[in-house]
Amino acid sequence: MLNALLKFPAPHFAALLSFLLISGCPSAVRGGTSGGGIKFIRLPAPDIEGAVPLETTLQKRRSVRSFQNVSLSLQAVSQLLWAAQGLSGRHGLRTAPSAGALYPLDMYVAAGNVDGLATGIYRYDPADHALVLIKAGNHLDVLSRAALGQAAISLAPVSFVITGKERRTTGKYGARGVRYMLMESGHAAQNLCLQAVALGLDSVTIGAFSDRETAAILAVEKGATPLYIIPVGKGARN
């Protein structure tokens, strides 16, 4: 294929290369830096036709707090993020229901041992199915301390953090919008946990943590509140 591409005149070759990069060709570079210097990683496309029945994932889902020292693939991270908050329909509709389709949630990834992904804190961009680097380095230990020392976070290769912005729903629904946001975080968390089972992985949902410390670790936007921390990996029971 490379020889065929090299036969293209220079202007046409440049245009073709741009098309391949934009269209997500598997051989294209998936990462890059925006004009503003923001580093992003385009994730592999999610599988929307899984082989594990929903009933099986419901039967097997359990909270697991001890994980093997095994890395997670970038494909698995992609699939888990899509299950929680990925696009699943026209007009930006997502996999989890949202009151008024206002989507007050954001997903963060604290990566410690993911193949093909540098350690760091990332924010998930559903529209581009991509990760935006927030800060480099392994922050799982400090995140564990912010969660009252819960070891599951430091043992897992990755932890997903769901945050919410109340104003996205309260602007339309008033004070009740807070309840809708919390409901939605439960929908997203369950999606992620069931998807983990389908991938042969384990997870645990954690709600006991310092909001202030967790928000500082993630460098969340003003007005956002951490709602869930969900470590995922290969459980030590397996």
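## A tour of the salt bridges and what surrounds them

Searching the whole structure turns up four salt bridges, meaning a side-chain nitrogen of Lys or Arg within 4 Å of a carboxyl oxygen of Asp or Glu. You are looking at a predicted model, where local features need pLDDT of at least 70, side-chain atom pairs count only at pLDDT 80 or more, and totals for chains, interfaces and linings use all residues. Residues are numbered from 1 along each chain as its sequence is written, and side-chain values use heavy atoms, with hydrogens and water left out.

**Overview.** Show the cartoon: there are nine helices and eight strands. These are DSSP runs numbered from the N terminus, with helices being H or I of at least four residues and strands E of at least two. Of the 238 residues, 41% are buried. Buried is under 20% relative accessible area, exposed is over 50%, and partly exposed is in between (1.4 Å probe, protein chains only).

**Stop 1: Lys165.** Select aspartate 106 and lysine 165, whose side chains form a salt bridge (3.8 Å, N to O). This pair ties together distant parts of the chain, with aspartate 106 in strand S3 and lysine 165 in strand S6, 59 residues apart. Now add glutamate 221, which also meets lysine 165 in a salt bridge (2.2 Å, N to O). Glutamate 221 sits in the loop between H9 and S8, 56 residues from lysine 165. Buried or exposed: which is lysine 165? With 4% relative accessibility, lysine 165 is buried, while glutamate 221 is partly exposed at 39%. Add Arg168 as well, and you have the salt-bridge network of Asp106, Lys165, Arg168 and Glu221.

**Stop 2: Met181.** Go to helix H8 (residues 176-198) and pick methionine 181, which is buried at a relative accessible area of 2%. Leaving aside neighbours within four places in sequence, its contacts (heavy atoms within 4.5 Å) include Lys165, Leu105 and Leu227.

**Stop 3: Arg94.** Next, select arginine 94 in the loop between helix H4 (74-85) and S3. What is the nearest side chain of opposite charge to arginine 94? That is aspartate 106, 5.7 Å away, and arginine 94 is buried with no salt bridge. (Lys and Arg count as positive, Asp and Glu as negative; His and the chain ends are not counted.) Its side chain does make a polar contact with that of glutamine 85 (2.7 Å). A polar contact is a pair of N or O atoms within 3.5 Å; within protein, one must be able to donate a hydrogen and the other to accept it, and residues adjacent in sequence count only if both atoms are side-chain atoms.

**Stop 4: helix H9.** Colour residues 211-218, then pick out the buried Thr214, Ala215, Ile217 and Leu218. They share one side of H9 because they cover an arc of only 160° around the axis, taken from the directions from the helix axis to the C-beta atoms. Among the elements they pack against are strands S3, S6 and S8 and helix H5. Flip the helix over, and the face turned away from the buried side shows the exposed Arg212 and Ala216. Arginine 212 also has a salt bridge to glutamate 213 (3.9 Å, N to O). Just past H9, alanine 219 has a positive phi of about 55°.

**Last stop: S5.** Strands S4 and S5 run antiparallel, joined by six bridges; strands count as paired if DSSP finds at least two bridges between them. In their hairpin, find histidine 129, with a positive phi near 45°.
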